[in-house]
Amino acid sequence: MAAIAAAIATAFSQLAIAEEAQVPTPAPVIHLQDNLDEADGLGWCIDTLGRGYAEHLHAHSCKPRGGDVQFAFDPNYGSIRSVAFPDKCVVDLPLNSQTVFGLADCDPNDPEQGFSYELGTLSLHDAQNPARCVAVGDASRSAGPFMSRDLVWADCESVDPKLLSWIIRN
């Protein structure tokens, strides 16, 4: 009986590992824990929309060379800073914007740049409204040789945890 239980536990742990992203991006990087449907197993990273600098963000296949998919979380200020554009931080954009998140000049006093990270759930929260979490959208799409998804606010309690469990490697 113990051998059967051990075999079942091993099978389930291997299933969990099979879904985990194998992120090639060097640190610092913030990526989803789960690979979801990323075709090449690269995982999902926060990324600028398009190539290089852009004011709008989405989730994108993590890139082996890093660059515009590299972001670092600063727990002292609650900011998420771009590595490629070090004076730029993630900001919550106005409702009529093309995307939910963008880049703006880093300002530790700007409440729209405030985030908190909960290690137990691996979730990034809105510092002003902790019930909101940073998540990826339900649908993926082609992005050249990679894939992309929307980067959105979600209700932390009701969204599938796979869509909002972030690994931070600073």
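Helices here are DSSP runs of H or I at least four residues long, and strands are runs of E of at least two, numbered from the N terminus. Keep that in mind while you click around this predicted model.

**Whole chain**

Start with everything shown as cartoon. You should find one helix and 12 strands. Follow the chain from the N terminus and the helix comes up ahead of the strands, in the order α-β-β-β-β-β-β-β-β-β-β-β-β.

Now switch on a surface. The protein exposes about 8,800 Å², with carbon and sulfur atoms supplying 57% of that. Of the 170 residues, 42% count as buried. If you draw contacts with a separation of 6 or more, 47% of them are between residues 24 or more positions apart.

**Stop one: H56**

Select H56, in the loop between strand 2 (44-48) and strand 3 (57-61). Which side chain does the side chain of H56 make a polar contact with? Show T99 as sticks: the two side chains meet at 2.8 Å.

Then widen the selection around H56. Leaving out neighbours within four places in sequence, H56 is in contact with D47, T48 and L49 on one stretch of the chain, and with L93, S97, Q98, T99, F101 and G102 further along. F101 and G102 belong to strand 7 (101-105), while D47 and T48 sit in strand 2 (44-48).

**Stop two: the cysteines**

Next, select the cysteines and show their sulfur atoms. How many disulfides does a search of the whole structure find? There are three. Number the bonded cysteines in sequence order and the pairing reads 1-2, 3-4, 5-6.

*C45 and C62.* Zoom in on this pair, where the sulfur atoms are 2.1 Å apart. The torsion about the S-S bond is about 105°, so this disulfide is right-handed. C45 is in strand 2 and C62 in the loop between strand 3 and strand 4 (71-74), so you are looking at a link between distant parts of the chain, 17 residues apart. Turn the surface back on for a moment: both C45 and C62 are buried.

*C89 and C106.* Move along to the disulfide joining C89 to C106, with an S to S distance of 2.0 Å. Its torsion is about 95°, which makes it right-handed. C89 is part of strand 6 (residues 88-92), and C106 is in the loop between strand 7 (101-105) and strand 8 (115-118), so the bond ties together parts 17 residues apart in sequence.

Are the two ends of this link buried or partly exposed? C89 is buried, since its relative accessible area is 1%, against the cut-off of under 20%. C106 has a relative accessible area of 22%, so C106 is partly exposed.

*C133 and C156.* For the last pair, pick C133 and C156, whose sulfur atoms are 2.0 Å apart. This link is right-handed too, with 105° about the S-S bond. C133 lies in strand 10 (residues 132-143) and C156 in the loop between strand 11 (146-155) and strand 12 (166-169), so the pair ties together parts that are 23 residues apart in sequence.

Check the burial here as well. C133 is buried, with a relative accessible area of 0%. C156 also counts as buried, because its relative accessibility is 16%.

How values were computed
Residues numbered from 1 in each chain as written. Predicted model: local features only at pLDDT ≥ 70, side-chain atom pairs only at ≥ 80, totals over all residues. Heavy atoms only, no water. Buried < 20%, exposed > 50% of the residue type's maximum accessible area, 1.4 Å probe, protein only. Contact = heavy atoms within 4.5 Å. Areas by Shrake-Rupley, 256 points an atom, 1.4 Å probe, with all protein chains shown as cover. Polar contact = N/O pair within 3.5 Å; in protein donor to acceptor, adjacent residues only side chain to side chain. Disulfide = S-S within 2.5 Å.
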